[in-house]
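Reader: I've got this model open on my screen and I'd like a close look at one part of it, the way its helices pack. Could you walk me through that?

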Amino acid sequence: MSTSESTAVSDKLDPRHKVILGVIMVSTFVVFLNETALGVALPQIMEQLNIQPSTGQWLNTAYMLTMAVIIPTTGFLLQRFSTKPMYIAAMTFFTTGTLVAALSQDFLFLLIGRILQASGTAIMMPLLMTTVMVLVPEHLRGRINGNISLVLSAAPALGPAFSGLVLSVLDWRWLFWIMLPIGVVTLIIGTIRISNSQEPRKIPIDVLSVILSAFAFSGLIYGLSSFADAARGVAAVSPWIPLGIGVVFFALFLQRQSRLQKTDSALLDLRTFRSRSFTEAMGIMGIGMLILFGAGILIPIYMQNVLGVEPLTTGLMMLPGGLAMGLLGPVVGRMYDRHGPQRLLIPGAVAVSVAFWTMTTFGTQTSIWFVFGSYSLLSVGLAFLFTPLFALSLSSVPPQLYSYASATIGTLQQLAGAAGTALFVTVMTIISAGLRDGGATDVEALAGGMRSAFLIGAIASLGLIAIAVILKRPASTEEMARELQH
């Protein structure tokens, strides 16, 4: 066989594996679209169900807390159970929750539906990433991870626009009725067509680790998420209380995992961090998620409350950036397969940094098109970061740790997202209050608070560049095996 023929054969993915990955990607798109779609509908839900904003926010808070509790356990679950039963469980949770939410006539049933949906969503992303590592040859992973980036970036970006379109003509329950048949169809197709891609390991679950994990990650997420409310003076309790509880249980959780991983029985195996490349990739991803979520929540507030832009226009102005981040994923993935990570990560980090430094100049008279350009540049830069990071991080650990690495990535995203939102909103609120007390108008004070928050992101973005420059290439399989033994 000639070299060209060998290359042609090696560039083709097994048709059965294409089906498995295709079904899981479509399902992941649906569950991530659902995650961001409900925010736009909250005012209508609160009016129809006659609930206060503090109560309505629990539809998002409970969703986030459920994700925080379940994702750390998926490393164990994906070791203990094969691909097919995990997929069926995830989509059953999601479709059942969607049905409950669609039928709900009061807040409690809607909340239960959201918790069930979150249970399915929490499983899907680690399942997708682990399945890619098991089924896809190394030289094709950049391309496939690019498609994953398309799913994970485009779906959240489309969520608010989808919700706004539906709500303009239908009741909020139709957000769930429209998603329900898609979830049912993908569940049926997956049940029929997905085959098990890996053999499960019969390892016992450590109940104490599950308890420690639940208190640790729910405390951290809830505490971080409460800082924004505390800055506005509307928090039910001081955020330092749940955050402190989370830190204590997190330390206990890490200690127990370090002990259990010696016998390969950890709930979340931390030996992934023995890989320098994985640790550095997690550093970049954590900073990237922090500033992505921070900018994502502040820019709409800035456009509407400082520049006076209508909500619909705000959504339309931000939509191209989110879509660009997703659509660039496959392109960047192919570039990763050809050139490796550093040629992508360094320019991506620089683009993100430039975007944030331009945001520090935002004022009360800034052109809406300048804001659009800054956000679009940020989105393109993040596309050049996240796609290589998904491939690089999982390629930096041995196969037996793939599921734990996927769970770690999902957990990091939740923590970094909550931290980014808390940091940016808290800085904005505190600085704005100080400027207002000093005689500034409400709009001027808010703009000043925004600039201070964006300055935090700009400084953090310099860390992206520093880590991208020193990033180490993934170790060979033999080197990974040696690292695992130490």
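Author: Here is a walk through two helix pairs, followed by one more helix and two single residues.

Keep in mind that this is a predicted model, so everything below is computed from predicted coordinates.

Let's start with helix α7, residues 83-103, and helix α10, residues 174-193. Their axes sit 9 Å apart, and the two helices pack at an angle of about 160°. Anything over 145 degrees counts as roughly antiparallel, and that is why α7 is described as roughly antiparallel to α10. The crossing of this pair is left-handed. If you want to colour the contact, α7 brings K84, Y87, I88, M91, T92, T95, T98, L99, A101, A102 and L103. From α10 you'd pick F176, W177, M179, L180, G183, V184, T186, L187, G190 and T191. Sorted by class, that contact has 13 nonpolar, 7 polar and 1 charged residues. As background, an α-helix has 3.6 residues a turn, so residues three or four places apart point the same way.

Now jump to the pair α13 and α18, where α18 covers residues 442-470. Here the axes come within 10 Å and cross at roughly 160°. By the angle, α13 is therefore roughly antiparallel to α18. The crossing of α13 and α18 is left-handed. Their contact divides into 18 nonpolar, 5 polar and 2 charged residues.

Just ahead of α13 in the chain, have a look at T272, in the loop between α12 (240-260) and α13 (276-305). With 0% relative accessibility, T272 counts as buried. Setting aside residues up to four places away in sequence, T272 touches F278, V397, L401, Y404, A405 and T408.

S149 is another one to click on, this time in helix α9, residues 141-167. S149 has 3% relative accessibility, so it counts as buried. Apart from neighbours within four places in sequence, S149 is in contact with A154, G326, G329, F386, T387 and F390. For a distance to check on screen, try the C-alpha atoms of S149 and G56: they are 30 Å apart, with the two positions 93 residues apart along the chain.

Last stop is helix α15, residues 342-359. At 1.5 Å a residue, its 18 residues should span 26 Å, and the end C-alpha atoms are indeed 26 Å apart, so the two values agree. The buried residues of α15 are L344, L345, G348, A349, A351, V352, S353, A355, F356 and M359.

Methods. Residues are numbered from 1 along each chain as its sequence is written. This is a predicted model: local features need pLDDT of at least 70, side-chain atom pairs count only at pLDDT 80 or more; totals for chains, interfaces and linings use all residues. Side-chain values use heavy atoms; hydrogens and water are left out. Axes are lines fitted to C-alpha atoms, for helices over the stretch in contact, and angles run from 0 to 180 degrees between N-to-C directions. Helices (H or I, at least four residues) and strands (E, at least two) are DSSP runs, numbered from the N terminus. Angles under 35 degrees count as roughly parallel, over 145 as roughly antiparallel, 65 to 115 as roughly perpendicular and the rest as oblique. A crossing is left-handed if the near helix is turned anticlockwise from the far one by less than a right angle, and right-handed if clockwise. Contact means heavy atoms within 4.5 Å. Ala, Val, Leu, Ile, Met, Phe, Trp, Tyr, Cys and Pro count as nonpolar, Asp, Glu, Lys and Arg as charged, and the others, Gly among them, as polar. The expected span of a helix is 1.5 Å times one less than its number of residues. Buried means under 20% relative accessible area, exposed over 50%, partly exposed in between (1.4 Å probe, protein chains only).
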